[in-house]
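Work through the exercises below with the structure open. Each task is followed by a stepwise solution.

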Amino acid sequence: MTATLITVAPTGAESTKSDVPALPVTLDELVATAKECAALGASVIHVHIRDGLGRPTLDLGLLRETVRALRQSTDLIVQLSSGGAVTDPEADRLRVLDAGPDMASCTMGTVNFGDDVFLNRWEFIVDLHTRMQERGIVPEYEIFDLGHLTALDRLLSRYGLPAGGHVHVDFVMGVPGGMPGTTAALVACMSALRDLPLGTTFSATGVGRATIPVMLASLSAGGHLRVGMEDTITYAKGRPVESNMQLVARAVGFAQLAQRPPITPLDARELLGLSKA
Ligand code: KMH
Ligand code: ZN
């Protein structure tokens, strides 16, 4: 049984600081969170940033500053979100790659997202994938629904393996409009992995009340974990999340109970093909 890759997704693009005061939105808050989560056992950070007013932004200068600051202060693998907010135009989402992260997310299809639509056209996905290949940026393919894995199979067959040669996917489960956060849905996704290259790894994250069922299902199935305030703002019924550290500590605890302790950032680089990218 392998060690567990723990990704922290501390901010996201959906919650506001006024609704969720513990959300890290400034660069200082993000770096402080990153350091503490790394000390607990996270090895990857999935990053969305905010502007001076706390609104989601894909400003290239701020993204570059963020990548630099995270690299200076931690040895976490820096994964920028190319998903942004549902309102972000494709050109801005592609420009995220110019900030030179280790990894970037690449969502494998359009999905209803609450009352909104998270649009990911095929041509846009191809653009993201091929630009990442050219620049040696390792993708994390975000899977919100079963058919997104079929799209990934098609993408890899037509355009080749990602930078570094390793395929890693993240099942984002329980988004209203996407697949449910259930063990049955996770098993369905795992079955579809059979069509993907041998050695493909997966992590899973359950949004909201799917957080714990998905975490337990993924650990038992040999998968990895993503946790954080992007996906979870309630720790338990009636208890708001106090910090990202609280969520990472819980994930580390579950992983240790499963005898799959957190992987180090160095081993995570090896696993994800970053050392070859
Ligand atoms: N904020 C969502 C619309 C990603 O980071 O790549 C998209 C998202 C996925 O969070
Ligand atoms: Zn995200």
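Partly exposed describes a residue between two limits: under 20% relative accessible area counts as buried, and over 50% counts as exposed. Keep in mind that this is a predicted model.

**Exercise 1. Classify aspartate 92 and its salt-bridge partner arginine 95: buried, partly exposed or exposed?**

Step 1. Take aspartate 92. Its relative accessibility is 24%, so it counts as partly exposed.

Step 2. Take arginine 95. Its relative accessible area is 35%, which means partly exposed again.

Step 3. Check the bridge. The closest N and O atoms of the two side chains are 3.1 Å apart.

Step 4. Place the pair. Both residues lie in helix α3 (residues 90-95), 3 residues apart, so about one helical turn separates them.

**Exercise 2. Find which residues are joined with Arg226 into one salt-bridge network.**

Step 1. Start at arginine 226 and glutamate 142. Their side chains meet in a salt bridge at 4.0 Å, N to O.

Step 2. Locate both ends. Glutamate 142 is in strand β9 (residues 138-143) and arginine 226 is in strand β12, so this bridge ties together parts 84 residues apart in sequence.

Step 3. Test burial. Glutamate 142 has 3% relative accessibility and is therefore buried. Arginine 226, at 5%, is buried too.

Step 4. Add aspartate 231. Its closest O atom is 2.9 Å from an N atom of arginine 226. At 8% relative accessibility, aspartate 231 is buried.

Step 5. Collect the network. Shared partners link Glu142, Asp170, Arg226, Glu230 and Asp231. The whole structure has 13 salt bridges.

**Exercise 3. Determine which elements supply the largest nonpolar core, and which gives the largest share.**

Step 1. Find the hubs. The core has 37 residues, and Ala42, Ile45, Val47, Leu70, Leu80, Val227 and Val248 touch the most other members.

Step 2. Assign elements. Those supplying at least two residues each include β1 (6-8), α1 (27-40), β2 (44-47) and α8 (244-257). The largest share, 6 residues, comes from α8.

Step 3. Inspect one hub. Beyond four places in sequence, alanine 42 touches Ile6, Val8, Cys37, Leu76, Val248 and Pro265.

Step 4. Look elsewhere. A second, separate core of 33 residues includes Ile143, Val169, Leu186 and Ala217.

**Exercise 4. Describe how phenylalanine 113 and phenylalanine 118 are arranged.**

Step 1. Read the geometry. The ring centres are 6.0 Å apart and the planes meet at 65°, an edge-to-face pair.

Step 2. Check the surroundings. Phenylalanine 113 and phenylalanine 118 are both buried. With Phe144 they form one aromatic cluster.

Conventions
Residues numbered from 1 in each chain as written. Chains lettered and ligands numbered in written order. Predicted model: local features only at pLDDT ≥ 70, side-chain atom pairs only at ≥ 80, totals over all residues. Heavy atoms only, no water. Core = buried A, V, L, I, M, F, W, Y, C linked by side-chain atoms within 4.5 Å. Buried < 20%, exposed > 50% of the residue type's maximum accessible area, 1.4 Å probe, protein only. Helix = DSSP H or I, 4+ residues; strand = E, 2+ residues; numbered from the N terminus. Contact = heavy atoms within 4.5 Å. Phe/Tyr/Trp six-rings, centres within 6.5 Å; stacked < 30°, edge-to-face > 60°.
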